[in-house]
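Please read this briefing alongside the sequence and the model. It takes up overall dimensions, then the sheet, then the packing of the interior.

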Amino acid sequence: MVDPSLKANWPRHSAWASILTESPPDAARPVGVNAIAREGLGVASVLAQRVGEAALSALVKTRYGLELPTTPRAVRNAAHAFVWAGPGQWLLVAEQRESFVELSELAAVSDQSDARAALRLSGPHVRDMLAKGCMIDLHPAAFPSGAAAMTSIAHIGVHLWRVDEQPRDGDPAFDVLIARSMAASFWSWASASAAEYGCRVTISP
């Protein structure tokens, strides 16, 4: 057990601090991708007990009002998302950090909040940018709103899901979750990929 006297009150820093940068202004290149750093999220991996998935699903329905997805999908409400991560496994993403202790009686729950970096990517050319490094088909017929995948982008492991519920033509939105240690590498690739496609990247607060 850690001695409480040894704990330091270190301030939290964004995983994207000094990493996210907009493309330089260029009238010849339109804005094609917008990025939002998803800060302050609570993230946990949830692994159901071998014979407890039905009970866990019922608890999630009661507690969060969501049906646990059994296929590669994400289900969301205003405060929480459950993203499929394999048979009997999910990623729980909360808009604010909180305790998920009520799930621990029916599942192995591991807090990942400080280990992950999250972005929301949108815009008319976001799919084109991602396609340069993504190994899966992101066409809306193959990856509609709510679809989710554990895959790699530019050889970086990612958890990716589409979040636009009423997408505009050609303007989808994706949430991307990666290991915090890979944030700089991912953004270096993403900004270069957008530039290669001939569009600029903007950053929203």
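The protein chain has a radius of gyration of 18 Å, which agrees with the value near 17 Å for a compact globule of 205 residues; the radius is taken over C-alpha atoms, and the globule rule is 2.2 Å times the number of residues to the power 0.38. This is a predicted model, in which local features need pLDDT of at least 70 and side-chain atom pairs count only at pLDDT 80 or more, while totals for chains, interfaces and linings use all residues. Residues are numbered from 1 along each chain as its sequence is written, and side-chain values use heavy atoms, with hydrogens and water left out.

**Overall build**

- The protein chain holds 3 helices and 11 strands, these being DSSP runs numbered from the N terminus (helices H or I, at least four residues; strands E, at least two).
- Along the principal axes, the C-alpha atoms of the protein chain fill a box of roughly 55 × 50 × 30 Å.
- Of the 205 residues in the protein chain, 44% are buried, that is, under 20% relative accessible area with a 1.4 Å probe, counting protein chains only.

**The sheet**

- An open sheet of 6 strands, with mixed pairing, follows the order 8-9-10-7-1-11, where two strands pair if DSSP finds at least two bridges between them.
- Strand 8 (148-153) and strand 11 (200-204) stand at the edges with a single partner strand each, so one side of each is left without a neighbour in the sheet.
- Strand 8 and strand 9 (residues 156-162) run antiparallel and are joined by 6 bridges, and Met-150 stands opposite His-159 in strand 9.
- Helix 3 (residues 183-197) lies across strands including strand 7 (116-122), to which the helix runs at about 15°; axes are lines fitted to C-alpha atoms, for helices over the stretch in contact, and angles run from 0 to 180 degrees between N-to-C directions.

**The interior**

- The largest nonpolar core has 33 residues, of which Trp-16, Leu-121, Leu-130, Phe-186 and Trp-187 touch the most other members; such a core is a set of buried Ala, Val, Leu, Ile, Met, Phe, Trp, Tyr and Cys residues joined through side-chain atoms within 4.5 Å.
- Helix 3 gives the most to this core, with 6 residues.
- Leaving aside neighbours within four places in sequence, Phe-186 is in contact with residues including Trp-16, Leu-121, Ile-153 and Val-176, contact meaning heavy atoms within 4.5 Å.
- A second, separate core of 15 residues includes Ala-44, Leu-56, Tyr-64 and Phe-82.

How values were computed: Buried means under 20% relative accessible area, exposed over 50%, partly exposed in between (1.4 Å probe, protein chains only).
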